[in-house]
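Me: I have a model open and want to learn how to read its features. Can we go through them step by step?

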Amino acid sequence: MEMINKQHIHFLITGSIAALANLIVRHILSMYFSFNIAVTLAYIFGMLTAFVLMKFFVFKSYSSNTKIEFARFVVVNILSGILVILASNAAVMLISLFSVM
(Lines give C-alpha, C1' and ligand atoms only; values in the text may rest on other atoms or scores of the structure.)
Protein backbone atom coordinates (compact mmCIF):
# COMPACT_ATOMS: atom_id res chain seq x y z
CA MET A 1 0.00 0.00 0.00
CA GLU A 2 1.36 3.38 -1.01
CA MET A 3 1.96 5.91 1.71
CA ILE A 4 0.28 9.28 1.59
CA ASN A 5 2.77 11.80 0.29
CA LYS A 6 2.97 15.59 0.30
CA GLN A 7 1.14 15.85 -3.03
CA HIS A 8 -1.84 13.92 -1.61
CA ILE A 9 -2.04 16.31 1.35
CA HIS A 10 -1.83 19.35 -0.94
CA PHE A 11 -4.57 17.86 -3.14
CA LEU A 12 -6.83 17.35 -0.13
CA ILE A 13 -6.22 20.88 1.18
CA THR A 14 -6.64 22.67 -2.15
CA GLY A 15 -9.72 20.59 -3.03
CA SER A 16 -11.23 21.47 0.33
CA ILE A 17 -10.51 25.17 -0.19
CA ALA A 18 -12.14 25.08 -3.65
CA ALA A 19 -15.19 23.23 -2.27
CA LEU A 20 -15.51 25.72 0.58
CA ALA A 21 -15.23 28.62 -1.87
CA ASN A 22 -17.99 27.02 -3.95
CA LEU A 23 -20.29 26.68 -0.93
CA ILE A 24 -19.71 30.22 0.32
CA VAL A 25 -20.22 31.76 -3.12
CA ARG A 26 -23.35 29.64 -3.67
CA HIS A 27 -24.79 30.80 -0.37
CA ILE A 28 -24.17 34.46 -1.23
CA LEU A 29 -25.44 34.15 -4.80
CA SER A 30 -28.61 32.41 -3.60
CA MET A 31 -29.65 35.73 -2.08
CA TYR A 32 -29.66 37.35 -5.52
CA PHE A 33 -30.27 34.59 -8.07
CA SER A 34 -32.43 31.52 -8.50
CA PHE A 35 -31.09 28.31 -6.98
CA ASN A 36 -29.96 26.80 -10.31
CA ILE A 37 -28.16 29.96 -11.41
CA ALA A 38 -26.47 30.30 -8.00
CA VAL A 39 -25.34 26.66 -8.10
CA THR A 40 -24.03 27.02 -11.66
CA LEU A 41 -22.12 30.26 -11.02
CA ALA A 42 -20.70 28.95 -7.75
CA TYR A 43 -19.63 25.75 -9.48
CA ILE A 44 -17.76 27.78 -12.11
CA PHE A 45 -16.10 29.84 -9.37
CA GLY A 46 -15.12 26.67 -7.49
CA MET A 47 -13.81 25.10 -10.69
CA LEU A 48 -11.61 28.10 -11.45
CA THR A 49 -10.37 28.15 -7.86
CA ALA A 50 -9.56 24.44 -8.04
CA PHE A 51 -7.70 24.80 -11.35
CA VAL A 52 -5.47 27.60 -10.11
CA LEU A 53 -4.75 25.96 -6.75
CA MET A 54 -4.11 22.52 -8.27
CA LYS A 55 -1.89 23.90 -11.01
CA PHE A 56 0.35 25.91 -8.74
CA PHE A 57 0.26 24.07 -5.42
CA VAL A 58 -0.39 20.41 -6.18
CA PHE A 59 0.80 19.35 -9.60
CA LYS A 60 3.18 22.26 -10.19
CA SER A 61 2.76 21.99 -13.91
CA TYR A 62 5.33 24.04 -15.70
CA SER A 63 3.78 23.34 -19.04
CA SER A 64 3.67 26.36 -21.29
CA ASN A 65 0.32 25.16 -22.63
CA THR A 66 -2.02 26.21 -19.85
CA LYS A 67 -4.84 26.64 -22.37
CA ILE A 68 -4.88 22.92 -23.21
CA GLU A 69 -4.65 21.96 -19.54
CA PHE A 70 -7.54 24.29 -18.75
CA ALA A 71 -9.63 23.00 -21.68
CA ARG A 72 -9.24 19.41 -20.43
CA PHE A 73 -10.06 20.49 -16.90
CA VAL A 74 -13.20 22.29 -18.12
CA VAL A 75 -14.45 19.28 -20.12
CA VAL A 76 -14.22 17.01 -17.09
CA ASN A 77 -15.84 19.65 -14.89
CA ILE A 78 -18.71 20.30 -17.28
CA LEU A 79 -19.70 16.66 -16.94
CA SER A 80 -19.30 16.90 -13.17
CA GLY A 81 -21.25 20.16 -13.15
CA ILE A 82 -24.24 18.48 -14.73
CA LEU A 83 -24.15 15.89 -11.94
CA VAL A 84 -23.87 18.65 -9.32
CA ILE A 85 -26.95 20.45 -10.64
CA LEU A 86 -28.95 17.21 -10.77
CA ALA A 87 -27.85 16.19 -7.26
CA SER A 88 -28.54 19.68 -5.87
CA ASN A 89 -32.06 19.68 -7.26
CA ALA A 90 -32.66 16.16 -5.98
CA ALA A 91 -31.47 17.21 -2.51
CA VAL A 92 -33.80 20.22 -2.52
CA MET A 93 -36.72 18.01 -3.55
CA LEU A 94 -35.94 15.46 -0.82
CA ILE A 95 -35.62 18.15 1.83
CA SER A 96 -38.95 19.60 0.69
CA LEU A 97 -40.61 16.20 0.93
CA PHE A 98 -39.32 15.55 4.44
CA SER A 99 -40.19 19.04 5.67
CA VAL A 100 -43.81 18.54 4.57
CA MET A 101 -44.17 15.26 6.45
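**The salt bridge and its surroundings**

Reply: Start with a charged contact. In this predicted model, the side chains of glutamate 69 and lysine 55 form a salt bridge, at 2.8 Å from N to O.

Me: Which elements do glutamate 69 and lysine 55 belong to?

Reply: Look up each partner's element, then the distance along the chain. Glutamate 69 is in helix α3 and lysine 55 is in helix α2. The two are 14 residues apart, and the pair links distant parts of the chain.

Me: How many salt bridges does a search of the whole structure find?

Reply: One salt bridge turns up in that search.

Me: Is lysine 55 buried or exposed?

Reply: Read the relative accessibility against the cut-off: buried means under 20%. Lysine 55 has 7% relative accessibility, so it counts as buried. Its partner gets another label. Glutamate 69 has a relative accessible area of 23%, so it is partly exposed.

Me: What else does the charged end of lysine 55 do?

Reply: Check for a ring under the charge. The charged end of lysine 55 sits over the ring of phenylalanine 56, 5.9 Å from the ring centre. The cut-off for that distance is 6 Å.

Me: Let us turn to rings. How many aromatic pairs does the whole structure hold?

Reply: The search finds two aromatic pairs. For each pair, read two values: the centre distance and the angle between planes. Phenylalanine 51 and phenylalanine 70 have centres 5.0 Å apart and planes at 80 degrees. That pair is edge-to-face, because planes over 60 degrees apart get that label.

Me: Why does the pair of phenylalanine 51 and phenylalanine 70 tie parts of the chain together?

Reply: Place each ring in its helix. Phenylalanine 51 lies in helix α2, residues 35-58, and phenylalanine 70 in helix α3, residues 66-100. The pair therefore ties together parts 19 residues apart in sequence.

Me: Which residues do ring pairs link into a cluster?

Reply: Follow the shared rings. Phe51, Phe70 and Phe73 are linked into a cluster by ring pairs.

Me: Is phenylalanine 51 buried or exposed?

Reply: Phenylalanine 51 is buried, with a relative accessible area of 12%. Phenylalanine 70 counts as partly exposed, at 27% relative accessibility.

Me: Now contacts. Which residues does asparagine 77 contact, leaving aside neighbours within four places in sequence?

Reply: Setting sequence neighbours aside brings out contacts from elsewhere in the chain. Asparagine 77 is in contact with Tyr43 and Met47 on that count. Asparagine 77 sits in helix α3. It is buried, at 14% relative accessibility. From asparagine 77 to tyrosine 43 is 9.0 Å, C-alpha to C-alpha, across 34 residues of sequence.

Me: What does asparagine 22 touch, not counting residues up to four places away in sequence?

Reply: Asparagine 22 touches Ala42, Tyr43 and Gly46. Asparagine 22 is in helix α1, residues 6-29. At 18% relative accessibility, asparagine 22 counts as buried.

Me: Where is alanine 19?

Reply: Alanine 19 is also in helix α1. It counts as partly exposed, at 40% relative accessibility. The C-alpha atoms of alanine 19 and phenylalanine 45 are 9.7 Å apart, with their positions 26 residues apart along the chain.

Me: Step back to the chain. What does its secondary structure come to?

Reply: Three helices and zero strands. From the N terminus, the order is α-α-α.

Me: Why is the chain called more spread out than a compact globule?

Reply: Compare the radius of gyration with the globule rule. The chain has a radius of gyration of 16 Å, and the rule gives 13 Å for 101 residues. The value is well over the rule, so the chain is more spread out than a compact globule. The C-alpha trace spans about 50 × 35 × 20 Å along its principal axes.

Me: What share of the residues is buried?

Reply: Buried residues make up 23% of the 101. The chain exposes about 7600 Å², with 77% of it supplied by carbon and sulfur atoms.

Me: What do the contacts say about sequence separation?

Reply: Take the contacts with a separation of 6 or more. Residues 24 or more positions apart account for 56% of them.

Terms used
Residues are numbered from 1 along each chain as its sequence is written. This is a predicted model: local features need pLDDT of at least 70, side-chain atom pairs count only at pLDDT 80 or more; totals for chains, interfaces and linings use all residues. Side-chain values use heavy atoms; hydrogens and water are left out. Rings of Phe, Tyr and Trp (its six-membered ring) pair if their centres lie within 6.5 Å; planes under 30 degrees apart count as stacked, over 60 as edge-to-face and the rest as tilted. Helices (H or I, at least four residues) and strands (E, at least two) are DSSP runs, numbered from the N terminus. Buried means under 20% relative accessible area, exposed over 50%, partly exposed in between (1.4 Å probe, protein chains only). A charge sits over a ring if NZ of Lys or CZ of Arg is within 6 Å of the ring centre and within 35 degrees of the ring normal. The radius of gyration is taken over C-alpha atoms; the globule rule is 2.2 Å times the number of residues to the power 0.38. Contact means heavy atoms within 4.5 Å. Accessible areas come from the Shrake-Rupley method with a 1.4 Å probe; for residues, only the protein chains shown count as cover. A salt bridge is a side-chain nitrogen of Lys or Arg within 4 Å of a carboxyl oxygen of Asp or Glu.
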